[in-house]
Amino acid sequence: MLIRKAPDLRFSDITPKSLYLRRREFLKAAGIAVGAAAAGVASPFATDAAAQQKQGTGHGGKLANVKKSPLSTTGEKLTSWDDITSYNNFYEFGPYKEDPKENAGTLKPRPWTIQIDGFVEKKGTFGFEEFTHPYPLEERVYRMRCVEAWSMVIPWVGIPLKDIIAAYKPTSQAKYVEFVTAFNPAQMPGQRTRMLPWPYVEGLRMDEAMNPLAILAVGLYEEELPNQDGAPIRLVTPWKYGFKGIKSISKIRFVDYQPKNTWQVMTPHGYGSYANVNPNVAHPRWSQATERRIGTFFRQKTLPFNGYADQVASLYSGMDPKKLY
Ligand code: MTE
């Protein structure tokens, strides 16, 4: 008997049709594969260009002095490097899971700057090295649960977000933290299309951002983050759906309003700002009760707060769970 696997849901499945470009259209609009080679004209640079495009999407530099964290999830099989780096959502490089690995070689994660702005004492634009250097790197093994109902277990390497926030000294007016992905259509071909309102934006309430589980990741499997996973620095909040994990961050703003995150703007009836994993609150189009662990065959139950309730549930005491989605 032939057993077919149900195809995974895609964010594009719930993206308004008028804005969603199919893959061919995306590639064309983004100027990928419509150059000389695709047109059948021999180019002496074709091979070099193809090789260059892959740079940064494979194994990168080894990270030194990474210490194991007691906050890591234990007892679960890690998702393989290959799955973590080839099954991605990163719309700046295309709407399909295989697109980011294929196309993210154009992203240059160095030199990189991060701008700190808003209600904060130490404003300014800081180089990646200055921004990350003072902190010891920690390995944090976390489950990642995508709102599309698949999941992974990822050995991130990162820095506690609370330590970074404390160093820049937000003022009492700062109620939320807004994160913004770099806007660079020359390096991010998806930004040359109208698939999403660019740049990608995410937000956290200040106390969520200060929770010890929240990290800014700079690597995985003790190596630098490959481009498709959000090089050089991305957010990881394991109790929330994966779309909160904004990639390739270039701005962090301390604000007094709840930031409008990109998927909330795109689909106001589907995604909220909190986006806490909750198996009992279905998405309008599908159940969130179970998930497919990438690399395994069977579905498994989804846990409230993705299994991290002990560490984070108190942040939301007294709030209506439906408001936390
Ligand atoms: N960040 C940016 N800038 N652009 C994106 O399209 N996709 C989000 C999130 N961060 C996205 C992003 C979604 S929908 C998910 S599920 C995770 O990244 C996927 O992270 P991964 O590809 O490393 O598994």
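1. Start at the ligand. A backbone N or O atom of Gly 245 lies 2.8 Å from a nitrogen atom of the ligand. The protein covers 100% of the 530 Å² of accessible area that the ligand has on its own. Keep in mind throughout that this is a predicted model.

2. Two side chains also reach the ligand. Glu 92 places a polar side-chain atom 2.8 Å from a ligand nitrogen atom. Arg 234 does so with a ligand oxygen atom, again at 2.8 Å. In total, 17 residues surround the ligand. Those that come nearest are Tyr 91, Glu 92, Arg 234, Gly 245 and Lys 247.

3. Now the overall build. The protein contains 9 helices and 13 strands. It has 325 residues, and 54% of them count as buried. Its accessible surface comes to about 15,100 Å². Carbon and sulfur atoms account for 57% of that surface.

4. How much of the contact pattern joins residues far apart in sequence? Take the contacts between residues at least 6 apart in sequence: 74% of them join residues at least 24 apart. Several of the points below give individual cases.

5. Strand β2 is a good place to read the strand pairing. It spans residues 113–118 and runs antiparallel to β3, residues 124–127. The two are joined by 4 bridges. A hairpin of 5 residues connects β2 to β3. To find the pairing in the model, look at Thr 113, whose bridge partner in β3 is Gly 127.

6. β2 has another partner, β11, which covers residues 249–255. Here the sense is parallel, again over 4 bridges. Gln 115 is a useful marker: its bridge partner in β11 is Lys 251. β2 therefore pairs in the antiparallel sense with β3 and in the parallel sense with β11.

7. Next, the charged pairs. The structure holds 15 salt bridges. One of them joins the side chains of Lys 68 and Glu 222, at 3.6 Å from N to O. This pair links distant parts of the chain, with the two positions 154 residues apart in numbering. Lys 68 belongs to strand β1, residues 67–68. Glu 222 sits in the loop between β8 (215–220) and β9 (223–224).

8. Are the two ends of that bridge buried or exposed? Lys 68 is exposed, because its relative accessible area is 57% and the cut-off for exposed is over 50%. Glu 222 has a relative accessible area of 22%, so it counts as partly exposed.

9. A second salt bridge brings together the side chains of Asp 207 and Arg 205, at 2.8 Å from N to O. Asp 207 is partly exposed, with a relative accessible area of 35%. Arg 205 counts as buried because its relative accessibility is 14%, and buried means under 20%.

10. A third case is the salt bridge between the side chains of Glu 291 and Arg 293, at 3.6 Å from N to O. Both Glu 291 and Arg 293 are buried. Which residues belong to the network around this pair? Glu 76, Arg 143, Arg 145, Glu 291 and Arg 293 are joined into one network by salt bridges that share partners.

11. Ala 275 deserves a look. It is found in the loop between α8 (262–266) and β12 (290–293). Is this loop residue buried or exposed? Ala 275 is buried, since its relative accessible area is 1%. Leaving out residues up to four places away in sequence, Ala 275 touches Lys 240, Tyr 241, Phe 243, Lys 244, Leu 324 and Tyr 325. Lys 240 is 35 residues away along the chain, yet the C-alpha atoms of Ala 275 and Lys 240 are separated by 5.5 Å.

12. Thr 57 is another loop residue to inspect. Its place is between α2 (46–54) and β1. Thr 57 counts as buried, because its relative accessibility is 4%. What does Thr 57 contact, apart from its neighbours within four places in sequence? The partners are Lys 101, Ala 104, Gly 105, Pro 226, Asn 227 and Gln 228.

Definitions and conventions
Residues numbered from 1 in each chain as written. Predicted model: local features only at pLDDT ≥ 70, side-chain atom pairs only at ≥ 80, totals over all residues. Heavy atoms only, no water. Buried < 20%, exposed > 50% of the residue type's maximum accessible area, 1.4 Å probe, protein only. Contact = heavy atoms within 4.5 Å. Areas by Shrake-Rupley, 256 points an atom, 1.4 Å probe, with all protein chains shown as cover. Salt bridge = Lys/Arg side-chain N within 4 Å of Asp/Glu carboxyl O. Near = heavy atom within 4 Å. Polar contact = N/O pair within 3.5 Å; in protein donor to acceptor, adjacent residues only side chain to side chain.
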